[in-house]
Amino acid sequence: MVPYFICFIISITSAVISEYFYERNNRFIYIAGGSISILTMSIFAGIRDLNIGTDLGVYGLNTFNSATQYSTLSGYLSSSTINIYHIETGYAVLNYIISRFTHNANVFLFVLALIMYTLTYFSLIQFRKYSPVATSLFVYLMLFYGNSFSLLRQSFACTMVFLGIALFINQHRIKGLLFLILAPFFHSTGIIGILILIVWIWLIKIKENKIRKLTTFFILVFIVITAFSNQIINFLLNHNLINNVYSAYMDGTLSNVNSTEGTSIYNFYRLIFIFLFYLIWTKVKKNDILLFLFSMVVFDFLFLFIKGSAGQTIGRLGLYFSWFITVGYFSPVKQLEDKRIRILLQYLLFVLLIIIFIHITQKSAIGLGSGSQYYPYRSEILHIGE
């Protein structure tokens, strides 16, 4: 765990310093601090051993190595590698561009991480009014940083949806729509970003009885997805709205479902963060963005709960909603008026998320096959090993 926590401490400390000087209008240190934070995460991801991260071994290395062998983009896009692994055009083009200046897989991982974490950091900045950037970064590192080692394409698409929605709701609508349109070109499930946008548009139109309407909406979503998950997934597959590889989660080698996963402690701790919104409900119902973040936190819980019976595909689709808990989890805490309670809650929740991170990471040990495989962290480049 030590390498991870060293990375996290440097990255979060740099973000804290950056925000401190942002508030004092020192643009140079603000940018420098944010850059160091992003670079720390990117370098750490880039120097890892090439057996860390499930998708890296499945298609990541093959896709990049194949790109280095082609002199034209059209030849690469029509190659057997792209067809075999069902690689989306955007991700393939990104591989090809990076392969023009390096054939080193670790440099590729660094550049891929640098782009993704830069987009993530910009997303957190869009929500700094509701959750401090360093705090949101902490949540991201605890819950999603490891996923970015394993889910190369989908993590990238989730990040683009995250930024797209963040920009859209902060009145940068054209830029936001651009990222939402691009997301499916990096992972087919990125189409879910449009659904999240529709949820946002619906929420801002609710003027009365918000809690009743939201509760009814959540119940309907739960019933429909639980009862018709196979039909929904088949519809998405048949209309090419998600990659055909997801059929493996239904009737192939990846179809096994852990029916207890949705009701495990790994899921129920999320109820704490849902409860926090009810402590400030008077403010939530008057603020569209807080209401949206509350909805995303609830969806995160529901999708993982449903995953226990409906399967992996539902869980993977739900990741697009889950990405918003990065800013959603601590947004109610910031709204609390009592400073002592606010500080106490922050520390308690920090400890809780550290425990969750350790639990998730250790479950994903290399060689187990069923996990995301990013623990223990190893790097031959810097002779790091646990």
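This passage describes a helix, a buried residue and a surface patch in a predicted model. Local features were taken only where pLDDT is at least 70 and side-chain atom pairs only at pLDDT 80 or more, while totals for chains, interfaces and linings use all residues. Residues are numbered from 1 along each chain as its sequence is written, and side-chain values use heavy atoms, with hydrogens and water left out.

Helix α1 comprises residues 2–22, helices being DSSP runs of H or I with at least four residues, numbered from the N terminus. Its 21 residues should span 30 Å at 1.5 Å a residue (1.5 Å times one less than the number of residues), and this agrees with the 30 Å that separates its end C-alpha atoms. The buried residues of α1 (under 20% relative accessible area, 1.4 Å probe, protein chains only) are P3, Y4, C7, F8, S11, I12, S14, A15, S18 and E19. Seen down the helix axis, these residues fall within an arc of 155°, taken from the directions from the axis to the C-beta atoms, so they line one face of α1. On the other side of α1, V2 and I9 are exposed, that is, over 50% relative accessible area. The cover over the buried residues of α1 includes α2 (27–46), α7 (105–126), α8 (133–143), α9 (145–150) and α22 (339–363).

Residue F156 lies in helix α10 (residues 152–169) and counts as buried because its relative accessibility is 3%. Leaving aside residues up to four places away in sequence, F156 touches L94, L112, I115, M116, L151 and F186, contact meaning heavy atoms within 4.5 Å. The C-alpha atoms of F156 and G190, 34 residues apart along the chain, are separated by 9.3 Å.

Definitions and conventions: Helix = DSSP H or I, 4+ residues; strand = E, 2+ residues; numbered from the N terminus.
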